[in-house]
Amino acid sequence: MNQHVTAEVADRAYSTASEDVVRLTDLKRRFGATPALDGVSLTVRKGEILGIIGRSGAGKSTLIRCLNGLERPDSGEVFIEGREISRLGERELQPLRRRIGMIFQHFNLLSAKTVEDNVALPLKLEGRPKAERLARAAELLDLVGLSEKAKAYPASLSGGQKQRVGIARALAARPALLLSDEATSALDPETTRSILALLKDINRRLGLTILLITHEMEVIRSIADRVAVIDAGCIVEQGPVWSVFADPRSEITKSLLGGIRPQLPAEIASRLVPGAGGDAILRIDVAGEAARAPLLSDLADALPGPFRLVHGGIDHVQQQPVGTLFLAVAGNDENHLSQVIAFLKARQARVEVLGHVAGSV
Ligand SMILES: Nc1ncnc2c1ncn2[C@@H]1O[C@H](COP(=O)(O)OP(=O)(O)OP(=O)(O)O)[C@@H](O)[C@H]1O
């Protein structure tokens, strides 16, 4: 498994194993010949937002079902707050399931109940008195900005409002973990942003631990602290989000990032030829200090010779600059090109010669 070790070690400094809300060790689950989970080990630390990303069929739903005890793994262990749950009976699982609040893609609200009754439902199932249920529902509706909708029915709410009710309901029983299963996949981009901002706000204000399952890197980029990439039932890569964005190791991660990292424009990519001749097109990836430095002006000072920025940009992920630049280095001079590459690498940039383009870019 690829690990972003250096960043991970630094990141881990604030945490210890005893603070893990979830710990999975070598989890395996097969359906016939299909290994839905093929040795998954990961932890969700207290107070963090961990994003698990994977394509359809990667094993995300099976992982969730193992977490809430709806699926028994063939082997491996599932610890929730230090307690192994994978071999417990239904009766023992019930109270532990309440430690996990869930939000879903299609909200799963009860249409015949008012908003406040939906929010209070987990407390009703626990047998809490009505006055306590209503007080808690009011508190949570205030938290998610929907106090004025307490007496409304779900049918009269927008998708974003329904998800806010879903979040309030998931928090009613004060869970140790909020499990978000594609919770923004059915929402438009603006509503998605507001729901993600709400989750981040709740994470900060309440210290709530969140496990976020998604197939969208943009969701991970917006709010996760760490990311684990799952493919064919295996965690193929994990680490702090900025580190994985800056230096994706697996092909699946690169492909999932493809939509949100700068790519060489198709018009230029279609004219690339291998070998020398014409302008060399370089892909330069920078992150952290390398992205803060005046890299291009220093290059121009150190190695005179025409080069042009043809595409790219610097993004900010977890307050860290992470960027990709595409340079066209003119001159058709292999020696000069080697010096440019050596200069950039010495500045901690990752450099790849994508090919050459004849004529103007
Ligand atoms: N009950 C089942 N019976 C047979 N095969 C199953 C069952 N559940 C899951 N699988 C298979 O296990 C693999 C992982 O499925 P899973 O539903 O966990 O993936 P996923 O990442 O949640 O996909 P999606 O994003 O499409 O929901 C898939 O190949 C799926 O076909």
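**Fold, helix packing and ligand shell of the predicted model**

Among contacts in the chain between residues at least 6 apart in sequence, 69% join residues at least 24 apart. The structure described here is a predicted model. Its chain has 14 helices and 15 strands, and the C-alpha trace spans about 80 × 45 × 40 Å along its principal axes. Of the 361 residues of the chain, 39% count as buried.

The chain is divided into two domains: domain 1 takes in residues 2–99 + 175–257, and domain 2 covers 266–357. Between the C-alpha centres of domain 1 and domain 2 the separation is 35 Å. Each side supplies residues to the contact, with 6 residues from domain 1 and 6 residues from domain 2. On the side of domain 1 that touches domain 2, the largest share, 4 residues, comes from helix α9 (residues 241–246). By character, the residues on that side of domain 1 comprise 5 nonpolar, no polar and 1 charged.

F343 is placed in helix α14 (residues 334–346). This residue counts as partly exposed because it has 16 C-beta neighbours inside 10 Å, a number between the limits of 12 or fewer for exposed and 20 or more for buried. Leaving aside residues up to four places away in sequence, F343 touches L299, A302 and L303. F343 and T43 are 300 residues apart along the chain, and their C-alpha atoms are separated by 39 Å.

The residues around the ligand are F31, T34, A36, G54, S56, G57, A58, G59, K60, S61, T62 and H215. Two elements, β3 (34–45) and α2 (60–67), give two or more residues to this shell. Of these, α2 provides 3 residues, the largest share of the shell around the ligand. The shell divides into 3 nonpolar, 8 polar and 1 charged residues.

Helix α5 (residues 130–143) was examined for its length and its packing. At 1.5 Å a residue, its 14 residues should span 20 Å, and the end C-alpha atoms of α5 are 20 Å apart, so the two values agree. R133, R136, A137, L140 and L141 are the buried residues of α5. Seen down the axis of α5, these buried residues fall within an arc of 135°, and therefore line one face of the helix. An α-helix has 3.6 residues a turn, so residues three or four places apart point the same way. The buried residues of α5 pack against α4 (115–125) and α6 (159–171). A131, E132 and D142, on the other side of α5, are exposed. Just after α5, G145 takes a positive phi of about 75°.

Positive phi values also occur at residues other than glycine. Most residues other than glycine have a negative phi. In N108, phi is positive, near 55°. N108 lies in the loop between β7 (100–104) and α4, and it counts as partly exposed because 13 other C-beta atoms lie within 10 Å. R174, likewise not a glycine, has a positive phi of about 50°. The position of R174 is in the loop between α6 and β8 (177–181). With 13 C-beta neighbours inside 10 Å, R174 is therefore classed as partly exposed.

S86 lies in the loop between β6 (83–84) and α3 (90–97). Although placed in a loop, S86 is buried, because 20 other C-beta atoms lie within 10 Å; the cut-off for a buried residue is 20 or more. Apart from residues up to four places away in sequence, S86 touches C66, R72, P73, E77 and V78. One of these contacts, C66, belongs to a residue within the bounds of α2 (60–67). S86 and G76 are 10 residues apart in sequence, with a C-alpha to C-alpha distance of 8.5 Å in space.

Definitions and conventions:
Residues are numbered from 1 along each chain as its sequence is written. This is a predicted model: local features need pLDDT of at least 70, side-chain atom pairs count only at pLDDT 80 or more; totals for chains, interfaces and linings use all residues. Domain bounds come from an automatic or database domain assignment. Two residues are in contact if their C-beta atoms, placed from the backbone, lie within 7 Å. Ala, Val, Leu, Ile, Met, Phe, Trp, Tyr, Cys and Pro count as nonpolar, Asp, Glu, Lys and Arg as charged, and the others, Gly among them, as polar. The expected span of a helix is 1.5 Å times one less than its number of residues. The arc is that of the directions from the helix axis to the C-beta atoms. A residue is near a molecule or strand if its C-beta atom, placed from the backbone, lies within 6 Å of it.
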